[in-house]
Amino acid sequence: MDTAQASAVTNKTVTFRIWRQDDPNKPGHFDEFKVPYTKGANVISCLMEIQRNPVTVEGKRVPPVIWDAACLEEVCGSCAMNINGRVRMACSALVDKLEQPITLEPMSKFPVVRDLAVDRERMFNALKRVKGWIPVDGTHNLGPGPRQSPKDQSVMYVLSTCITCGSCLEACPQVTLDNDFVGAAAISQARLFNMNPTGKMQSEERVRGLMGPGGIQDCGKAQNCVKVCPKEIPLTTSIAVMNREVTKVMIKDIFFKDEEQKSHGGPG
Amino acid sequence: MAAAARFTVVGGGLAGLMTTIKLAEAGHQVDVLSLVPVKRSHSVCAQGGINGAVNTKGEGDHPDIHVKDTLRGGDFLAEQVSVKGMCHAAPGIIYLLDRMGVTFNRTPEGLLDFRRFGGTLHHRTAFAGATTGQQLLYALDEQVRRYEAEGKVTKYEYWEWLGTVKDEGGRVIGSVAVDLRTMEIRTFPAEAVCLATGGPGIVFGRSTNSIINTGTAAGRAYMEGAIYANGEFIQVHPTSIPGEDKLRLMSESVRGEGGRVWVPRKKGDPRGPRDIPESERWYFLEEKYPKYKNLVPRDVATREIFMVCRDLGMGIGGRDGVYLDVTHIPAKTLDAKIKGVMEIYEKFVGDDPRVTPMVIFPGMHYSMGGLYVRFEADSRTQTPLEGSPVNQSTNIPGLYATGEADYAFHGANRLGANSLLSCIYSGMIGGPAMAAFAKSQSTSAAAMPEKYFQDAKRYWEDRFATIKKMNGAENPYALARELGDIMTENCTVVRYNDRLKKTVEKIRELKSRWKNVNVLDTGNVANRALSYTNQLWNMLELGEVIATSALLRDESRGAHYKPEFSLPEPKTKDPREDADWMALWRKRHEKWAKTTIAKHSEQGPQISYEEIPTPVLEPEPRWYA
């Protein structure tokens, strides 16, 4: 399609250095590829070009690169990887704005599946740990939900745009391949559900999910998470808010019996 | 049948997750198979909102008006009973999502806010910024995670459904699937299987769809005997940003919030958009459709934009592209209501749409057609009978389809913000239907002879072993691009029979070249090229259904537009007042207001047509001027 933003094909090429690893247990290496330059190209469109012609600069035929992707518009969270040493979404990484050769490596805080694809299961497990849901009574008709102010909505909406891409974990010095720190994304989700008028009723359960080994106290306040979040979610604010909630529950635990007599409710 | 029967749902988008929730809620065990972690399913891309005639704006809206807009919008090709059920369930569905914590936009009074969308004159679309699909998917994902934590749902993520397991009577008693990481192939016994596998966007190469939407599961089900219906009805969205890797959607909500479509009045005007004064801009949709203006249905808007560029040569700089302009709307309003799409434009094009008008062009977006499913009507209400095993069932016993994968709800053209609704509604009735089906069977699938499962597993192990040895000259990804290019060129906005014939021939050529594929990868871990080569065959099958169905339907209806067979323009503004035209309309209607039925055969799709009952609304001419 010859469009007004037409992609002009030229003789220019783009050079990629891409991490190859056949198996999680095998050592990896880099393959170098040159792909034809097109205006508006991004890292994904170049990886697709390599699929159609998987030949390295040395002229060696290799299997196409394996990477995770789905929506290509930065909303599914699949294609996070290290691009020129910095974690970001590959679909929105425009070639024109990247220094060459463009180096692609898998995220380092998750087990490699193959090449650039990693296993982010720990993120979904963390969502279970913080009970990241509203426990509705059922899917039958029970009328509208509680009213909410546009102001609260605008705060919650931003929190709920988290795409579970893993960038915040990748950038976090506290997260390692073999520890179980829940990370910023799940902490921020706990805040989201605790803000919801119905979710508030189970807020203590979620706060307790953030306590104990691998919980919020493992945060070292490096503040890297908020800098790399592709959705610009105020992750450090979420961590501060939930830290306060955790402290409240801890204090409550100290004076548990008194508290129990005064009120049957959870923390505010 | 024990209460804890086991079911399989394929696909973790809105339709699959709602089907799952309904089954789990009723106490059943559900295996969810998904190509990706379900939270990354394509529903996440839906932007604008979800329709429901909640009528909070004092406009006198009602579910019956929603029914009428939907049936008219689909030019009377939709299945009427399911549409009525869906529209009447819509307000309850929106309330349910609200209770699940969807961060819908609010009015100052704290109520749900609603906006305008195409093909209706009412504020009927609930929305969460411009990432409504994402918010809805997350809400259902969270509910399913809760069931998963309780042990009622087992997710198989990065698993690809390959085909059914049938007993000798032809009843589906399970599935075969492959683990896309370990490449293990195994069977999943199930009392019933639901395909909630989305649309076939990738058959068109570049589209607004996610790259996982190859339509492979529907294509395989069709090869196994499931009817594929209305395949020719492909929605091309009026406003997308063309890109090398995909066409990125610019939501209809941009126009719903006041966005205006225009081109310079002067052909090939070299000036930038901001230098062109108001009087020298041609707002062609507003001019031609004074009532609906920029919010005519998608098929209409797409054709107008396409013709302005291709037939009149009035596109920006003489090329494909028109302006979608929101620069007159305060940036604060844009950020509160459609920030998601503003950011996509900014990130991928580099211009700030709050300041510079966007350049857009139509892009393949959605398939109205899909797997043929049936409904049992409640004779009193003419809506799907609650708990009937017939609802959402394909013609293969035990196989169900919900969401974009089914053909039922949208006819010849889908209205914006009806897709999220149809996904959720079809899941709400599909889940209970599967449970009712299981109950009606005398033998549980789990008690069936092991032989059925072993045979099916062996078939797929052999097929994958054969593909893995393919070392011909054709690159599967390059073949897919050829398929996409010809489908986009000949099977989208304007269709001509000679070109459609060539398309069918080309697809047959690609099918024979498929046999000479090189699988590219002989690895034993995450071998995507291996699974893709298998998918590619199913894509070719679906492409052939779509192109053949388009070739044989000699009329224009909704998204299917053939200039050679279109009715002339009526002489009166209201076509019903032009008696001669009405006679032509009636003749066309009697011949073509039918569902296209495609059945698989070795020689290619066998096409026939099925009458459409109209218990809800008598068809009438569709016009928006």
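Here is a quick tour of how chain B is put together, how chain B meets chain A, and which local details are worth a look.

The model is predicted. Chain B and chain A bury about 6,700 Å² between them, and the rule finds 7 salt bridges across their interface. Over all chains, a search of the whole structure turns up 71 salt bridges. Chain B itself has 15 helices and 21 strands, and 68% of its 625 residues count as buried.

**Chain B overall**

- For 625 residues, a compact globule would come out with a radius of gyration near 25 Å, and the 24 Å of chain B agrees with that.
- Laid along its principal axes, the C-alpha trace of chain B spans about 75 × 60 × 50 Å.
- If you take the contacts in chain B with a separation of 6 or more, 73% of them are between residues 24 or more positions apart.

**Where chain B meets chain A**

- The contact draws on 77 residues from chain B and 82 residues from chain A.
- Of the roughly 6,700 Å² buried between the two chains ("about" is the word to keep here), 53% is on carbon and sulfur atoms.
- On the polar side of the ledger, the rule finds 36 residue pairs in polar contact across the interface of chain B and chain A, both residues being at pLDDT 80 or more.
- Several elements of chain B each supply at least two residues to the side that touches chain A: helices α1 (14-25), α3 (80-99), α4 (132-149), α9 (331-349) and α12 (476-490), plus strands β13 (248-249) and β17 (358-367).
- The largest share of that side comes from α4(B), with 9 residues.
- Sorted by class, the side of chain B that touches chain A has 33 nonpolar, 18 polar and 26 charged residues.
- One salt bridge to pull up on screen is Lys347(B) with Glu74(A), where the closest N and O atoms are 2.5 Å apart.

**Salt bridges inside chain B**

- Side chains of opposite charge can pair when their charged atoms come close.
- Lys22(B) and Glu25(B) form a salt bridge at 3.9 Å, N to O. The cut-off is 4 Å, so this pair counts.
- Lys22(B) and Glu25(B) are 3 residues apart in helix α1 of chain B, so about one helical turn separates them.
- Lys22(B) is buried at 18% relative accessible area, while Glu25(B) counts as partly exposed at 31%.
- Lys155(B) and Glu148(B) make a salt bridge whose closest N and O atoms are 3.2 Å apart, and both residues are buried.
- Glu544(B) and Arg508(B) pair up at 3.0 Å, N to O. This salt bridge links distant parts of the chain, from helix α14 (residues 528-552) to helix α13 (residues 497-514), with the partners 36 residues apart.
- Glu544(B) is buried, at 2% relative accessibility, whereas Arg508(B) is partly exposed, at 42%.
- A network of salt bridges links Asp75(B), Glu232(B), Arg553(B), Glu555(B), Arg557(B) and Arg588(B).

**A buried arginine in a loop**

- Arg171(B) sits in the loop between β7 (159-166) and β8 (172-179) of chain B.
- With a relative accessible area of 7%, Arg171(B) is buried, because the limit for that label is under 20%.
- Leaving out residues up to four places away in sequence, Arg171(B) touches a set of residues including Glu191(B), Pro397(B), Phe437(B), Gln441(B) and Met448(B).

**Backbone details**

- Asp75(B), a member of the salt-bridge network, has a positive phi of about 45° although it is not a glycine.
- Asp75(B) lies in the loop between α2 (63-73) and α3 of chain B, and it counts as buried at 7% relative accessibility.
- Gln223(A) is another non-glycine residue with a positive phi, near 65°. Its place is the loop between α6 (203-209) and α7 (224-228) of chain A, and it is partly exposed at 44% relative accessible area.
- Gln100(A) and Pro101(A) are joined by a cis peptide bond, with omega about -5°. Pro101(A) is in the loop between β4 (86-89) and β5 (102-105) of chain A.

Conventions. Residues are numbered from 1 along each chain as its sequence is written. Chains are lettered from A and ligands numbered from 1 in the order in which they are written. This is a predicted model: local features need pLDDT of at least 70, side-chain atom pairs count only at pLDDT 80 or more; totals for chains, interfaces and linings use all residues. Side-chain values use heavy atoms; hydrogens and water are left out. Contact means heavy atoms within 4.5 Å. Buried area is the accessible area (1.4 Å probe) that two parts lose on being put together, summed over both. A salt bridge is a side-chain nitrogen of Lys or Arg within 4 Å of a carboxyl oxygen of Asp or Glu. A polar contact is a pair of N or O atoms within 3.5 Å; within protein, one must be able to donate a hydrogen and the other to accept it, and residues adjacent in sequence count only if both atoms are side-chain atoms. Helices (H or I, at least four residues) and strands (E, at least two) are DSSP runs, numbered from the N terminus. Ala, Val, Leu, Ile, Met, Phe, Trp, Tyr, Cys and Pro count as nonpolar, Asp, Glu, Lys and Arg as charged, and the others, Gly among them, as polar. The radius of gyration is taken over C-alpha atoms; the globule rule is 2.2 Å times the number of residues to the power 0.38. Buried means under 20% relative accessible area, exposed over 50%, partly exposed in between (1.4 Å probe, protein chains only).
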